Amino acid sequence: MTDATVAPPLIEARDLTRHFKVGGTWSRKRLHAVDNVNLSIRPREIVALAGESGSGKSTVARLLAQVYRPTGGDILYQGRSLASLHTRRQRLQYRSDVPMVFQDPFSSLNPAYRVSHGIMRGLKLHRRELNHAQRLEEAQRVVTAVGLHPAADILDRYPYELSGGQRQRIGFAQALAYRPKLILADEPVSMLDVSIRIGLLNVMVKLREEENVSILYITHDIASARYVSDRLIVMYAGHVVEGGPTETVLRNPKHPYTQLLLSAVPDPQAPLRVDVETGKGEPPRVVDPTPGCRFRWRCPLAMDECFTVTPLPRTLGPDHEAACHVATADPAEAVAAAASDAPATVDSGPKSADA
Amino acid sequence: MPSAPVPRRPDVQLDPSPGGGGCLLEVRELRVCYQTARGDVVAVDRVSFDVRRSEFVGVVGESGCGKSTLLFAIAQLLSPPAEITGGSVAFRGQNLVTMTERELNNLRWRDYSVVMQSAMNALNPVTSIGAQFRDAIEAHAKYSDREIARRSVEVLEMVGIDPIHLKSYPHQLSGGMRQRAMIAMALLFTPDLVIMDEPTSALDVVAQRALMVQIKELQRQLGFAVIFVTHDMSLVSHFSDQLLVMYAGEVVEDGPTRTVFDSPAHPYSRGLLDAFPSIHGPRVPLTGIPGSPPDLAQPPPGCRFQPRCPVAFDDCARTRPELYQVGPARSRCLLNAPAHATTVKASEEVST
């Protein structure tokens, strides 16, 4: 992203890359789950990372949470590379600063323990300065902060006594207990019922306001991304294809994939447009990819260049980037820009081509 | 997608239905109980609705509202501890509830078929798609090998899958293709009614939309009726003709889809619609519906939605509402009861 931002980024991914080995023991095939991803999250910012399943958005979250080590690239946290965290204390500090909330509230809480167990354990590990009474008080505070009342009663319950929405709130309460700077929320509402989702999205907004945390909200639901996020990043097949302020991206999507994604969102208010290209294609499994745009097979605008040169993110508006050869900065000068931009991307092509 | 005309089975007449009045399926006062250690749980309570030929009926509701149980009850696929304890399901005039297994087997798959929720679990992982098609055909009809092969290719082409995949195993197909294969399988005999249980819930928005458009297109070509269950109300908004909103085992609102979307009569339908953030228009704070659905073993007294209802009044906890006619739709809310007609007006004035 651009450096001309007011606040310095809290966390920054630079050319983040993660490949997985696929196939048998002797296989040399590599699945490119995440390739050259650049993104930054500022303090008190909610960033939505959207994309289809298999687009690499969860892998990005796990890389940021240090579940996986990156194959290439670097993650800077408060200006410091994560690779430079050596001591257990430093790594523990990072984990308490950047906790994760998981997708499935039914399997992410231990059914054998009361709700208080998970929260208290986290507090014991990450906030050693608290004594037992203070921990209890803090546990009640975070449970109240996520909108569960009465806190003492909730803490004494077992997960099976809670509904899905309540459990997911507990997930956020656990993360909140560490006094985090950034919460990585991996599809936190996709398993919940429609009538309960909004409540949880509101909790996320409230946490940002009251607890000053940043949130990386990973989702495939663009409408909910719009509801909570300040910035929207769209991923496709391991690449970031577009990023920018949420409203800007939604009002003026530059990348053909973002346009496809937006056209597919069901909206009861809008009339149905069956003529819109519904895109029967599926996202590619990116095993040992050749250079070129990964959306080219489904793209209505693909041209020759798209098959040979990987498009790099280009700034097309204020804080608005898209990785597309065809997308233009300004519709007025569409033809001219497409012609003049092409050489620039050819020059920088090889860099990402063999990542 | 190939739009080659697909021959209908000769033994099925298109228009004159024994049920009469173009009504394909009549569900009346259907009631399903689960017998549990804590007593009987009524998962589907006095549900009545009609499905006409070539109609698309959407059934929406949250998890645990009984929508899947309702489907299984209609298809006569319930197994203990679930049991139909009342009501009838008349398919082309014949009551499915009282039919023997043998009689049902003559109807299943040929006249009505079911598309299950998760294609990954519903398809057999160790046999090829083609073998599963053959299995289904052989179980319900006597076809020659050539006919089986021809029909299998035909239905796969109908859903836009290359027939080469008859030799593929489920894991070799993507999620969207597996769901399409499931739908192809349900169409093997060109049934009159296809019952779908959240067929798109495992898919991405793009694949989901493509599948919905395809189902609608197939329906237009082949003229089957669809009962489509989903938890995502916005998904069916453009596709269904009739909409049934279920809550805690009951139908709380039913009517033409457009009517329900444009002027929802029941507070729960209103709440569901307000729970969707939109990608167009201004960003407005939404509230969703506070609380969670009731435990069906101990449903709340009176109206079942009353503990979560923003417009509940004293009577709601005492009187169990019926379905009251509101224009072309029906709503199970005391505010829509004829006696409360004036109250409705008053509350609308307050809310606007």
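In this predicted model, helix α6 (residues 175-186) of chain B lies across two strands, β6 and β7 (193-197) of chain B. The helix runs at about 170° to β6(B).

Both of these strands belong to an open sheet of eight strands in chain B. Following the sheet across, the order is β6-β7-β8-β3-β9-β10-β12-β11, and the pairing is mixed. The edge strands are β6 (112-115) and β11 (324-326) of chain B, each of which pairs on one side only. From one strand to the next, the twist averages 20°.

Within this sheet, how do β9 and β10 of chain B pair? Strand β9 (residues 242-247) and strand β10 (residues 250-256) of chain B pair in the antiparallel sense, over six bridges. In this pair, Leu243(B) stands opposite Gly255(B) in β10(B).

Chain B as a whole contains eleven helices and twelve strands. It has 352 residues, of which 46% count as buried. Among contacts in chain B between residues at least 6 apart in sequence, 65% join residues at least 24 apart.

Chain B also touches chain A: 33 residues of chain B are in contact with 34 residues of chain A. On the chain B side, the elements that give two or more residues are α7 (205-222), α8 (233-236) and α10 (267-274) of chain B. The largest share of this side, five residues, comes from α7(B).

Chain A is divided into domain 1 (1-99 + 181-283) and domain 2 (109-179). The C-alpha centres of domain 1 and domain 2 of chain A lie 26 Å apart. Where the two domains of chain A meet, 15 residues of domain 1 are in contact with twelve residues of domain 2. On the domain 1 side, α2 (88-97) and α7 (194-211) of chain A each supply at least two residues. The largest share of that side, seven residues, comes from α7(A).

The table sets out the residue classes for two of the contacting sides described above.

| Side | Nonpolar | Polar | Charged |
|---|---|---|---|
| Side of chain B that touches chain A | 14 nonpolar residues | 14 polar residues | five charged residues |
| Side of domain 1 of chain A that touches domain 2 of chain A | ten nonpolar residues | two polar residues | three charged residues |

Conventions
Residues are numbered from 1 along each chain as its sequence is written. Chains are lettered from A and ligands numbered from 1 in the order in which they are written. This is a predicted model: local features need pLDDT of at least 70, side-chain atom pairs count only at pLDDT 80 or more; totals for chains, interfaces and linings use all residues. Helices (H or I, at least four residues) and strands (E, at least two) are DSSP runs, numbered from the N terminus. A residue is buried if 20 or more other C-beta atoms lie within 10 Å of its own, exposed if 12 or fewer, and partly exposed in between; C-beta atoms are placed from the backbone. Two residues are in contact if their C-beta atoms, placed from the backbone, lie within 7 Å. Ala, Val, Leu, Ile, Met, Phe, Trp, Tyr, Cys and Pro count as nonpolar, Asp, Glu, Lys and Arg as charged, and the others, Gly among them, as polar. Domain bounds come from an automatic or database domain assignment. Two strands pair if DSSP finds at least two bridges between them. Axes are lines fitted to C-alpha atoms, for helices over the stretch in contact, and angles run from 0 to 180 degrees between N-to-C directions.
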